[in-house]
Amino acid sequence: MKQLDERLRSHYPQLSPQEQRIADFVFDHFDDLISYNSAELARLSGVSKATVSRLFKRLGYEKYKDMRDELRTLRQSGMPLTDNRDAVQGNTLLSRHYKQEMANLTQWVNGIDPQQFGEVIQALAQAKRLFIIGMRNAYPVALHLRQQLMQARPQVHVLPQPGQTLGEELVDITPDDVVVVMAFRRRPRIIRPLMQQLQQSNIPVLALCEPQAQGILTLARWQLCAPLDSVSAFDSYASAMSLINLLANALLHEMLSEGRQRIHQIADLYQHLDELEHR
């Protein structure tokens, strides 16, 4: 039986322009599709609910809910959405890269302490403000974490601002806040004294770092480690991004009522400001 993405691609040329808008949105948001009901998908795609119903009947689903149930079953079973068996066989660069990425993901998932992770999510939900500090290669990771967390809650900030120093920012942080320090290698020298200062000020700190960063782990209240190992000269941040995805989804689940309302408000603003393409 064809999966949803295969059905959409095979039917795409025959779809109406309105139905193609839904298909384009689905392709761009495939991982989030389970969380949308038919009315939400219609609104976010800029079409009517009736158009959504017609499209999924055309694809072979009796009801929109049948498609969501299918995706949920596939995700829970761990079945991949595309067949990549040929690409990962042998000793090619692609296959070695794939195997290393999977090893990194397996390592951090197996290393998660459920109790500590639960404490982290509670802290991220209850903090007055969240400050995320990332420098060098960790800066884009910090930006992505902020972008994800601010979907569920307000007052999420990235430090330092471009061209600025940290002193002016740190002076206002209190124990009611939480600081997330992206402490991935190669760390600027300021990371250690920064974490020491936060610890002395009794400010809760979550460190995101690679497992080898043993020298700074004791400076944080919580530690989540993501391997950066790669088959090439450059570190891989795939596992770090996966960890961020887990943090963001867990936080949204923890703050589900407020988070869903905030997501809808943000989506409405996207539409009013015409910031994002509908296709």
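At 48% relative accessibility, Asn 202 counts as partly exposed in this predicted model. The residue sits in the loop that runs between α10 and β4 (205-209). Its backbone deserves a look as well: the phi angle of Asn 202 is near 60°, a positive value in a residue other than glycine. As background, most residues other than glycine have a negative phi.

Gln 155 offers a second case of this kind. Here too phi is near 60°, again positive in a residue that is not glycine. Gln 155 belongs to the loop between α8 (138-149) and β2. With a relative accessible area of 40%, Gln 155 is partly exposed, because values from 20% to 50% fall between the limits for buried and exposed.

Two peptide bonds also stand out when the backbone is followed along the chain. It helps to recall that most peptide bonds are trans. The bond that joins Leu 159 and Pro 160, however, is cis, with omega at about -15°. Pro 160 is part of the loop between β2 (156-159) and α9 (167-170). A cis peptide bond also leads from Arg 185 to Arg 186, and its omega is near -15°. Arg 186 is located in the loop that links β3 (178-182) to α10 (191-200). For readers with the structure open, these loops are good places to inspect the backbone.

Turning to the helices, Ser 38 is found in α3, which covers residues 38-45. The relative accessible area of Ser 38 is 13%, so this serine is buried, the cut-off being under 20%. Leaving aside residues up to four places away in sequence, Ser 38 touches Lys 49, Val 52 and Tyr 64.

The packing of α2 against α4 can be described in similar detail. Helix α2 spans residues 17-28 and helix α4 residues 49-58; their axes come within 10 Å and cross at roughly 80°. That angle makes α2 roughly perpendicular to α4, because angles of 65 to 115 degrees are classed this way. On the α2 side, the contact is formed by Gln 18, Glu 19 and Ile 22, which meet Thr 51, Val 52, Arg 54, Leu 55 and Arg 58 of α4. By character, the residues of this contact divide into 3 nonpolar, 2 polar and 3 charged. Val 52 appears in both descriptions: Val 52 is touched by Ser 38 and is one of the α4 residues that meet α2.

Terms used:
Residues numbered from 1 in each chain as written. Predicted model: local features only at pLDDT ≥ 70, side-chain atom pairs only at ≥ 80, totals over all residues. Heavy atoms only, no water. Helix = DSSP H or I, 4+ residues; strand = E, 2+ residues; numbered from the N terminus. Buried < 20%, exposed > 50% of the residue type's maximum accessible area, 1.4 Å probe, protein only. Contact = heavy atoms within 4.5 Å. Axes fitted to C-alpha atoms, helices over the stretch in contact; angles between N-to-C directions. Parallel < 35°, antiparallel > 145°, perpendicular 65-115°, else oblique. Nonpolar A, V, L, I, M, F, W, Y, C, P; charged D, E, K, R; others polar.
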